[in-house]
Amino acid sequence: MTSSLWTHELSARCAQSTFWGRLKDNERAAFANVAKVERYKRGMSLMNVGDPGSWLAVLCVGRVRILDGTGDRLVAIRVPGDIVGEQAIIDQQRRSAVVVADSAVRAAQVRAKEFERLISAMPRLLRVVCTVISERLREATLANASQNDSFTKVVRYLVNELERGGGLASTNSAVHIKSQDQLAALLGLSRESVVRAFRRLRDLGVVATRNGVVTVCDPLRLRVLAR
Ligand SMILES: Nc1ncnc2c1ncn2[C@@H]1O[C@@H]2COP(=O)(O)O[C@H]2[C@H]1O
């Protein structure tokens, strides 16, 4: 695949909140210029905990699971436009997690040295990497603080409803709730905590709410928040 083809397709499809979605055209072109697209079959490992990190990648096609050191716990799911393997390049430590292809994957890989050159020439790239890492930290803080609290209950309720309807994988699936009062009663929560949970989910860009219909805009992120 020529670089102009994959960059064009990825730019058209990826979410604005991803690493690639945040880049300017000239930054995308510079990245693509030094990247090599590699293919992985479902189940193949891209990275293992403890490996030295000599490259990072932007996912072009497919999705990957991020698993913790035991290889058992799902930490995150990354989708086209997301960057993986950036931590070992930034802090020059070993790989922090296992990265496994969850489908057929294509990833545009850039070697550490090339990436160093890119960020020297285009320092904003480093800021974009920092933004992505900062968002991840925020999510982790939120997930930690909210284990088994009202937020998690609301998130898990939405995940269950989507799974029942078979819609977890697709974006913009709808969950119908009669009212926030009734949902609060169903989950044994106060109305205020349900309102707060939906506000957080809207702020994170995970759901939109309107007239008793909850539209799940980012089902993968919802799944990760439910863990
Ligand atoms: N909590 C997380 N959320 C999303 N991605 C992660 C998380 N932890 C590790 N990763 C990714 O998994 C990669 C494993 O290799 P690195 O440590 O180089 O870089 C890591 C990140 O790109």
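## The ligand shell and a helix pair

The shell of residues around the ligand is made up of eight nonpolar, three polar and four charged residues. The structure is a predicted model. In total, 15 residues surround the ligand, and Gly85, Glu86, Ala88, Arg95 and Ser96 are the closest of them.

Three of these residues have polar atoms paired with an oxygen atom of the ligand, as the table shows.

| Residue | Part of the residue | Distance to a ligand oxygen atom |
|---|---|---|
| Glu86 | N or O atom in the side chain | 2.8 Å |
| Ala88 | backbone N or O atom | 2.9 Å |
| Ser96 | polar side-chain atom | 2.7 Å |

On its own, the ligand has 450 Å² of accessible area, and the protein covers 90% of that area. Which elements give two or more residues to the shell around the ligand? They are strand 5 (74-78) and helix 4 (86-91).

Another part of the model holds a pair of helices. Helix 8 (residues 180-187) and helix 9 (residues 191-203) have axes that come within 8 Å and cross at roughly 110°. Angles of 65 to 115 degrees count as roughly perpendicular, so helix 8 is roughly perpendicular to helix 9. On the side of helix 8, the contact is made by Gln180, Asp181, Leu183 and Ala184. Helix 9 contributes Arg191, Val194, Val195 and Phe198. Sorted by class, the residues in this contact are five nonpolar, one polar and two charged.

Note on methods
Residues numbered from 1 in each chain as written. Predicted model: local features only at pLDDT ≥ 70, side-chain atom pairs only at ≥ 80, totals over all residues. Heavy atoms only, no water. Axes fitted to C-alpha atoms, helices over the stretch in contact; angles between N-to-C directions. Helix = DSSP H or I, 4+ residues; strand = E, 2+ residues; numbered from the N terminus. Parallel < 35°, antiparallel > 145°, perpendicular 65-115°, else oblique. Contact = heavy atoms within 4.5 Å. Nonpolar A, V, L, I, M, F, W, Y, C, P; charged D, E, K, R; others polar. Near = heavy atom within 4 Å. Polar contact = N/O pair within 3.5 Å; in protein donor to acceptor, adjacent residues only side chain to side chain. Areas by Shrake-Rupley, 256 points an atom, 1.4 Å probe, with all protein chains shown as cover.
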